[in-house]
Amino acid sequence: METVVDINKNNLNHQEESTPSKIKKSTNDNHVLVSEITPCKNPKLFFSLTLRALGVIFGDIGTSPLYVVNTIFTYQPTESQCIGAISLIIWSLIVSVCLKYATFILMADNHGEGGTFALCGLLTDEKIQLSPRIKRGITIIALMAAAMLLGDGALTPAVSVLSAIEGVAVEAPQLSSWVVPISIIIIVLLFLAQRWGTSRIGVTFGPIMVCWFITLFIIGVWRITYKPSIFKAFNPWEAFHYLLVEKTRGFYQIGGVYLSVTGLEALYADLGHFGRWPVRAAWFFIVFPGVLFNYLGQGALLIADPSLVDNPFYHSVPEWFHWPMVVLATVATIIASQAIITGSFSLVSQAIGMECSVPVKIYHTSKTIIGQIYIPTINYILMILTIIIVIGFGTNGSITSAYGVTVCTVMIFTTILYMCVMYYTWHKRWYMILPFGLFLIVDGYTWASNATKIPSGGWVAIVIATGFFIFGFCWFFGQLNLRRFLKIHTQTTSLHTLALRLGLSDSNTRQNSYSSTNDLPIISTASRINFHDEIDSDSDDDIDLKNSGSLPKVASQVRLVENVPVGRSSAISSYIHEQNNILDNTIPAVVTPSVGCFLTNSTKHTPHVFENYLTRTNSVPQVIIFLRIEHIKSSTIEDEKRLTIKQYGESIFHLTALYGYSENRIKPFDILTLARTRFNLPIPNNESKITIFTPDETIKVSTVGWASWIRRWPLYIYAILKSLYPGTSVNIKLAPENTISIGILAKLK
């Protein structure tokens with residue numbers, strides 16, 4: 001008879017007539033999801049995150065007044081031209097930032113996270129009625145968008161730092177020959193500082209950016225008093241009239257206007273670090289007023305004196321405040337690159353969860369906010385690419401030509417995916433979705449203008465983005481094919497039937513065990529067991545035992561062998577002959593006096609590594625433990641709430657160990673020791689007597705078929721990446737002397 005035990009702290013001393021209960025995740029009282037942070041519920045945390053958001057997110061868009069106006073005008077403008085261009089900038093800020101992103105896009109978070117992968121997660125959820133093919137297409141689109149944003153992540157620090165140092169070199173010409181070396185040193189220091197974490201960086205940079213935006217606001221208001229006619233720029237007709245009059249020149253100038261809203265996608269990608277309400281508060285109450293009035297002030301200055309078009313920002317500053325402004329602008333510009341760096345960490349973290357990226361090491365830098373992370377691999381890749389760009393281009397003007405093409409493409413992808421989320425996930429009516437298509441028209445017009453930059457340098461960002469996309473796509477495609485291979489060619493068993501399959505359902509099979517579990521309650525299944533066929537799978541689909549009284553049938557049965565001859569050749573030959581007569585679907589096996597711990601991702605089925613071990617070694621450990629490690633959205637968790645244990649039969653246990661996101665060094669033996677201490681599981685004190693089994697998947701690419709080369713090249717790259725990152729969680733610390741890797745040869749095609 002099969003036995004099933006559900007062991008937890010509440011049933012150690014009494015029985016429950018039920019099937020194993022689902023794991024209940026506990027949360028830490030100190031942990032707050034960023035999506036729940038509001039000025040009413042968490043005022044202290046809200047204001048703290050708002051300050052940090054100013055130092056991390058808004059540096060890019062906040063320093064755009066330094067160069068936008070003189071990028072648009074390469075000639076001395078008339079008053080109507082000044083009003084028209086400033087009107088374009090103002091309405092770009094209102095439409096793209098205030099309405100589209102701050103109001104609408106930030107509503108689309110996936111468990112607090114933002115970015116294109118958050119939209120992808122909302123569209124590929126199991127509850128969404130879309131075909132698997134369409135969901136895979138959505139994932140690839142999100143991957144393309146993320147790759148383009150990472151490509152921009154290499155350009156933004158180069159543009160920001162070079163522009164800052166070049167600005168100083170204008171005031172101190174003797175530094176002109178040292179612009180590139182100084183820029184490289186600052187870039188290296190900036191990327192090395194990322195290990196401090198978003199919170200510390202935000203606290204350091206936040207007050208500086210507050211001073212920056214207040215200064216922008218005051219200077220802008222002061223300059224507006226000289227020419228109040230600049231307020232005509234609030235009339236949207238001035239923007240349309242400017243484009244109609246300027247025609248081709250106005251079309252090309254849209255690319256310069258777009259520079260006023262760069263950093264939008266980084267703003268959305270950084271959502272998981274701070275939450276929508278702190279981001280909105282920082283924008284509407286501090287950032288937007290500062291940049292808005294500064295643009296108006298620069299426009300008023302050019303109306304009064306068009307000859308100052310070479311650098312209207314610094315010309316609008318009072319002469320006595322010139323050098324303090326140079327220093328403040330230099331620091332603020334260096335900070336401007338922080339948004340895209342932090343956003344890159346969030347994007348890669350989500351890509352790992354969507355199996356679109358190699359599972360690189362992730363460090364959580366906050367015990368309060370789960371989204372504040374640091375990824376060393378991505379950090380150093382971006383640093384190297386940024387240094388190469390600085391050396392290759394040499395000047396800020398050259399890089400500016402390459403700037404904005406990829407991010408503008410990402411904005412289009414974001415708009416399309418958001419409209420899909422409105423329809424498929426939120427089930428909005430078409431007449432509510434259709435007006436949002438106006439943003440798509442604006443994005444398309446802006447993209448067309450920015451596309452003219454591709455021949456003059458925009459191709460650099462596209463090449464970098466293509467490189468990130470190739471690696472991400474190869475990993476996604478390879479993982480998809482590996483899952484398909486394992487489902488077809490490998491066998492798993494339902495844990496409900498494993499004891500019957502192994503012949504361990506009878507209590508006398510463990511009579512010689514060195515330990516016992518007599519103090520654990522045994523729950524027997526009262527209904528008769530009928531077998532039915534099921535496709536082998538390691539999924540977690542629930543098995544209905546309430547009505548059908550049936551369990552899935554396994555592909556092979558195990559016959560326990562009690563006496564295996566050793567020594568005499570005749571006895572061995574007879575034994576081998578006997579084994580040859582055993583049916584192909586029967587595995588002869590012996591019970592070995594050992595404890596085997598198999599790492600698994602499933603709560604319902606055996607892992608592939610267990611089936612390979614059973615087939616190749618023809619042995620069954622005396623105590624079988626399936627260990628599943630799950631990370632929850634709390635920084636830590638108490639030992640009392642860490643374990644959920646289920647017992648199948650008398651010698652088979654399934655352990656689910658919950659860990660917080662900040663718990664990075666996980667040792668399986670510590671989990672097993674906790675299980676022995678709290679639940680009296682038959683686990684030895686000596687770690688050397690426990691064997692941990694992990695999968696070692698070897699990828700072999702099939703070369704059959706003349707047309708397979710199209711599918712073959714991504715698999716070759718995937719095979720290389722898989723050999724470097726085999727798949728075992730980087731947070732799990734395994735003792736090499738007690739760990740055995742069971743090979744699985746996956747022939748992908």
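Trainee: Trp212 and Phe313, are they buried or exposed?
Mentor: Both Trp212 and Phe313 are buried. Keep in mind that this is a predicted model.

Trainee: And how do the rings of Trp212 and Phe313 sit relative to each other?
Mentor: Their centres are 5.8 Å apart and the planes make an angle of 35 degrees, so we call the pair tilted. The pair ties together distant parts of the chain, with Trp212 in helix α8 and Phe313 in helix α14 (residues 312-315), 101 residues apart.

Trainee: What about the rings of Phe313 and Tyr314?
Mentor: That pair is edge-to-face, because the planes stand at 85 degrees, with the ring centres 5.2 Å apart. Tyr314 is buried, just as Phe313 is.

Trainee: How many aromatic pairs are there in the whole structure?
Mentor: A full search turns up 30 aromatic pairs. Some ring pairs link up into a cluster made of Phe104, Tyr418, Trp426, Phe436 and Phe439.

Trainee: OK, new topic. Which residues touch the most other members in the largest nonpolar core?
Mentor: Phe58, Leu93, Trp212 and Trp283 do, in a core of 164 residues. Helix α6 (residues 132-171) gives this core its largest share, 16 residues.

Trainee: Which residues does Phe58 touch, leaving out those up to four places away in sequence?
Mentor: Phe58 touches Ala53, Met209, Phe213, Leu267, Val279, Ala282, Trp283 and Val287. Apart from that largest core there's another one, with 25 residues, including Val623, Ile645, Tyr659 and Ile732.

Trainee: Why do nonpolar side chains end up together like that?
Mentor: In soluble globular proteins, nonpolar side chains tend to be buried together.

Trainee: So where is there a nonpolar patch on the surface here?
Mentor: Look at Ile214, Phe217, Ile218 and Val221, which form one with about 330 Å² of accessible area together. Ile218 belongs to helix α8 (residues 198-224).

Trainee: Is Ile218 buried or exposed, then?
Mentor: Ile218 counts as exposed, because its relative accessible area is 53% and the cut-off for exposed is over 50%.

Trainee: Zooming out, how many helices and strands does the protein have?
Mentor: You'll find 27 helices and 13 strands. Of the 749 residues, 56% are buried.

Trainee: And how much area does the protein expose?
Mentor: About 33100 Å², with carbon and sulfur atoms supplying 60% of it.

Trainee: Last one: what share of the contacts with a separation of 6 or more comes from residues 24 or more positions apart?
Mentor: Those residues account for 82% of such contacts in the protein.

Technical notes. Residues are numbered from 1 along each chain as its sequence is written. This is a predicted model: local features need pLDDT of at least 70, side-chain atom pairs count only at pLDDT 80 or more; totals for chains, interfaces and linings use all residues. Side-chain values use heavy atoms; hydrogens and water are left out. Patches are made of residues with over 30% relative accessible area and no salt bridge: like charges are joined within 9 Å, nonpolar side chains (Val, Leu, Ile, Met, Phe, Trp, Tyr) within 5 Å. Accessible areas come from the Shrake-Rupley method with a 1.4 Å probe; for residues, only the protein chains shown count as cover. A salt bridge is a side-chain nitrogen of Lys or Arg within 4 Å of a carboxyl oxygen of Asp or Glu. Helices (H or I, at least four residues) and strands (E, at least two) are DSSP runs, numbered from the N terminus. Buried means under 20% relative accessible area, exposed over 50%, partly exposed in between (1.4 Å probe, protein chains only). Contact means heavy atoms within 4.5 Å. A nonpolar core is a set of buried Ala, Val, Leu, Ile, Met, Phe, Trp, Tyr and Cys residues joined through side-chain atoms within 4.5 Å. Rings of Phe, Tyr and Trp (its six-membered ring) pair if their centres lie within 6.5 Å; planes under 30 degrees apart count as stacked, over 60 as edge-to-face and the rest as tilted.
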